[in-house]
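This report is written for a reader who has not seen this structure before. Please look through the sequence and the model first.

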Amino acid sequence: RIGDYVWNDINGDGIQSFGENGLAGVTVQLIEKLTNNIQRTFITGTNGQYTFDKFMPGQYFVKYTLPSDYKFTSANIGNDFADSDVDGSNGLGTTATTFMSPGEDDRTMDAGAFKCAVVSGDVWYDLNKDGIYQDIENGINGLSVYLIDANSNTIVDVSETGPKPGTPSDDGFYSFSCVKSGSYY
């Protein structure tokens with residue numbers, strides 16, 4: 001038997017914390033390593049739990065497919081009973097390979113995910129220096145915009161200004177499409 005829990009890692013720290021609930025709608029697959037065949041598939045309910053049982057001993061890994069607006073949190077941060085095991089070692093959304101012995105019951109295969117937040121805006125040439133983007137002012141393309149973690153002062157991501165998608169010439173737009181919760185500048 002193998003399984004456990006898929007949870008909404010609200011703070012994105014890779015560790016199951018009090019108040020972080022199960023994540024529904026995640027497709028979980030048990031895959032036999034040698035043949036790469038899917039042995040079982042499960043879709044998590046509101047509690048986020050899953051279990052695969054009654055399969056032959058051998059080498060297996062677990063693959064998780066998240067809803068489109070979620071990303072996996074960091075893997076193997078702490079205690080194996082409370083961390084995320086999705087390290088991508090067998091492809092996107094997968095755990096490392098484990099050998100399952102006859103009668104073994106491994107309930108430590110967890111997956112943490114956070115809901116993406118979007119940070120976006122515009123950079124423009126402020127003709128009258130009033131701090132307000134007006135129709136007569138042009139956006140500036142080709143500038144690098146850095147998203148910095150306010151706690152560690154490290155660069156999290158870099159975006160380049162350009163045309164806003166879906167507009168003919170709304171220039172100076174930048175976007176960080178998947179940011180985990182936290183404090184940034």
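The text below covers the sheets, the nonpolar cores, two backbone angles, a glycine and the salt bridges.

The model is predicted, so local features need a pLDDT of at least 70 and side-chain atom pairs count only at pLDDT 80 or more, while totals for chains, interfaces and linings use all residues. Residues are numbered from 1 along each chain as its sequence is written, and side-chain values use heavy atoms, with hydrogens and water left out.

## Sheets

Strands here are DSSP runs of E with at least two residues, numbered from the N terminus. Two of them pair if DSSP finds at least two bridges between them. In general, strands of a sheet pair through backbone hydrogen bonds, either parallel or antiparallel.

One open sheet has four strands in the order 4-1-8-6, and its pairing is mixed. Strand 4 and strand 6 (70-72) stand at its edges with a single partner strand each, so one side of each has no neighbour in the sheet. On average, neighbouring strands of this sheet are turned by 25° against each other, direction ignored; the axes behind this angle are lines fitted to C-alpha atoms, and angles run from 0 to 180 degrees between N-to-C directions. Four bridges join strand 1 and strand 4 in the antiparallel sense. Ile2 has Phe52 of strand 4 as its bridge partner.

Another open sheet of four strands follows the order 3-2-5-7, with antiparallel pairing. Its edge strands are strand 3 (37-43) and strand 7 (98-100), each of which pairs on one side only. Here the average turn between neighbouring strands is 35°, direction ignored. Strand 2 and strand 3 run antiparallel and are joined by six bridges. The bridge partner of Val28 in strand 3 is Phe42.

## Nonpolar cores

A nonpolar core is a set of buried Ala, Val, Leu, Ile, Met, Phe, Trp, Tyr and Cys residues joined through side-chain atoms within 4.5 Å. Buried means under 20% relative accessible area, exposed means over 50%, and partly exposed lies in between, with a 1.4 Å probe and protein chains only.

The largest nonpolar core has 19 residues, and those with the most contacts inside it are Ile2, Val6, Val28, Tyr50, Val62 and Tyr64. At least two residues of this core come from each of strand 1 (2-8), strand 2 (27-32), strand 4 (49-52), strand 5 (58-65) and strand 8 (111-115). Strand 5 gives the most, with three residues.

What does Tyr50 touch, not counting residues up to four places away in sequence? Among its contacts (heavy atoms within 4.5 Å) are Ile2, Val6, Val28, Phe42, Val62, Tyr64 and Met109.

A second, separate core has five residues, including Val145, Leu147, Tyr174 and Val179.

## Backbone angles and a glycine

Most residues other than glycine have a negative phi. Lys54, which is not a glycine, has a positive phi of about 60°. Lys54 lies in the loop between strand 4 and strand 5 and counts as exposed at 75% relative accessibility. Asn153 also has a positive phi, near 60°; its place is the loop between strand 10 (144-148) and strand 11 (155-160).

Gly58 belongs to strand 5. Is Gly58 buried or exposed? At 11% relative accessibility, Gly58 counts as buried. Gly58 and Glu32 are 26 residues apart in sequence and 7.5 Å apart in space, C-alpha to C-alpha. Leaving out residues up to four places away in sequence, Gly58 touches Thr98, Phe99 and Met100.

## Salt bridges

Side chains of opposite charge can pair when their charged atoms come close. A salt bridge is counted when a side-chain nitrogen of Lys or Arg is within 4 Å of a carboxyl oxygen of Asp or Glu. By this rule there are three salt bridges.

| Salt bridge | Closest N and O atoms |
|---|---|
| Arg1 and Asp53 | 4.0 Å |
| Lys115 and Asp69 | 3.5 Å |
| Asp105 and Arg107 | 2.8 Å |

Arg1 lies in the segment before strand 1 and Asp53 in the loop between strand 4 and strand 5, so the pair ties together parts that are 52 residues apart in sequence. Arg1 is partly exposed at 37% relative accessibility, and Asp53 is partly exposed at 32%.

Lys115 in strand 8 and Asp69 in the loop between strand 5 and strand 6 are 46 residues apart, and their pair links distant parts of the chain. Lys115 is partly exposed, with a relative accessible area of 48%, and Asp69 is partly exposed at 31%.

Asp105 counts as partly exposed at 44% relative accessibility. Arg107 is partly exposed as well, with a relative accessible area of 31%.
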